[in-house]
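Thank you for asking me to look over this model before you take it to the bench. My remarks are set out as numbered points, which can be read alongside the coordinates.

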Amino acid sequence: MSVPEKPPFVVAVDGPAASGKGTIATGLGKAFDLPVLDTGLLYRCVGVVVLRAGESLDDPDAAASAAALLTADQLDDPELRTRAAGEAASRVAVHPKVRDALLDFQRTFARQEGGAVLDGRDIGTVIAPDAPAKLFVTAAPKVRAERRWKQLQAQGEAVSLEDVLADIRRRDERDGGRDAAPMRPAADAVLLDTSEMTIDHAADAARRIVEAARARWNTSNEG
Ligand code: C5P
């Protein structure tokens with residue numbers, strides 16, 4: 001009798017901008033020895049390519065062409081970490097054609113042998129709905145704005161805290177209100193509010209949640 005292959009252990013980490021999900025995903029990758037994909041970088045890259053080509057972020061075809069040509073080596077560009085790239089990302093992310101063009105890249109990453117950690121907005125709902133471990137990481141908008149403001153300061157971007165808070169609120173509204181794969185927790189996601197937590201505390205809490213999911217997954221895949 002053939003032994004059924006063990007499915008990949010996929011960890012989905014979703015949540016709004018600057019909720020701590022990126023740091024949490026990196027920590028989970030280390031703790032469980034899994035590769036990590038920051039899917040926000042894909043949308044950021046599409047936005048930056050469209051802007052560099054002088055095309056409109058509101059043109060679904062221009063953005064979908066950039067998405068179709070995207071390769072992993074484009075994701076190391078430091079420009080993808082800027083405030084403008086975040087805004088451009090959320091504008092191109094509303095187009096269903098763009099989301100479709102990025103689907104294969106993300107699913108292939110998720111299905112690699114052993115598993116993977118992916119962070120984004122729609123990982124638990126669309127990209128990997130069968131993921132055995134799902135987290136939805138949140139924090140109050142003001143807390144997130146302060147975190148993002150500090151990051152931008154460290155990168156040398158001069159911007160006021162008020163402007164960063166306005167960016168965050170606008171992005172939450174656009175990401176949560178769009179028709180295509182809106183940002184929302186999967187029904188089976190564990191909610192983790194990091195407003196009152198240090199990043200180490202949040203990473204520990206996430207690790208415990210995923211450890212419990214992994215134990216359940218191991219049991220259900222035994223023998
Ligand atoms: O996570 P990050 O802030 O880098 O994401 C940038 C933007 O990319 C988000 O505001 C969202 O509009 C889009 N995004 C998305 N789906 C994902 C990841 C990011 O729509 N899975």
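The points below go from the overall fold to the surroundings of the ligand.

1. Please keep in mind throughout that this is a predicted model, and that the distances and areas quoted here are computed from that model.

2. As to the overall architecture, the chain contains 9 helices and 5 strands, and these follow one another along the sequence in the pattern β-α-β-α-α-α-α-β-α-β-α-α-β-α.

3. On overall dimensions, the C-alpha atoms of the chain fill a box of roughly 60 × 40 × 30 Å along the principal axes. The radius of gyration of the chain is 17 Å, which agrees with a compact globule, because a globule of 223 residues would be expected to have a value near 17 Å.

4. The ligand sits in the largest pocket. The elements that each contribute two or more residues to the shell around the ligand are helix 2 (40-52), helix 4 (83-92) and helix 8 (161-177), and helix 2 gives the most, with 3 residues.

5. Which residues come nearest to the ligand? Of the 15 residues around it, these are R44, R99, R171, D175 and R178. As for the character of the shell, its residues divide into 8 charged, 4 polar and 3 nonpolar.

6. Several polar side-chain atoms can be placed against oxygen atoms of the ligand. One such atom of D175 lies 2.6 Å from a ligand oxygen, while a polar side-chain atom of R121 lies 2.9 Å from an oxygen atom of the ligand, and for R178 the corresponding distance is 2.9 Å. Taken alone, the ligand exposes 450 Å², and the protein buries 97% of that area.

Key:
Residues numbered from 1 in each chain as written. Predicted model: local features only at pLDDT ≥ 70, side-chain atom pairs only at ≥ 80, totals over all residues. Heavy atoms only, no water. Near = heavy atom within 4 Å. Polar contact = N/O pair within 3.5 Å; in protein donor to acceptor, adjacent residues only side chain to side chain. Areas by Shrake-Rupley, 256 points an atom, 1.4 Å probe, with all protein chains shown as cover. 1 Å grid on protein atoms, 1.4 Å probe; cavity = no way out; pocket = protein on both sides within 12 Å on 5 of 7 lines; lining within 4 Å. Sits in = over half its atoms within 2 Å of the grid points. Helix = DSSP H or I, 4+ residues; strand = E, 2+ residues; numbered from the N terminus. Nonpolar A, V, L, I, M, F, W, Y, C, P; charged D, E, K, R; others polar. Rg over C-alpha atoms; globule rule 2.2 N^0.38 Å.
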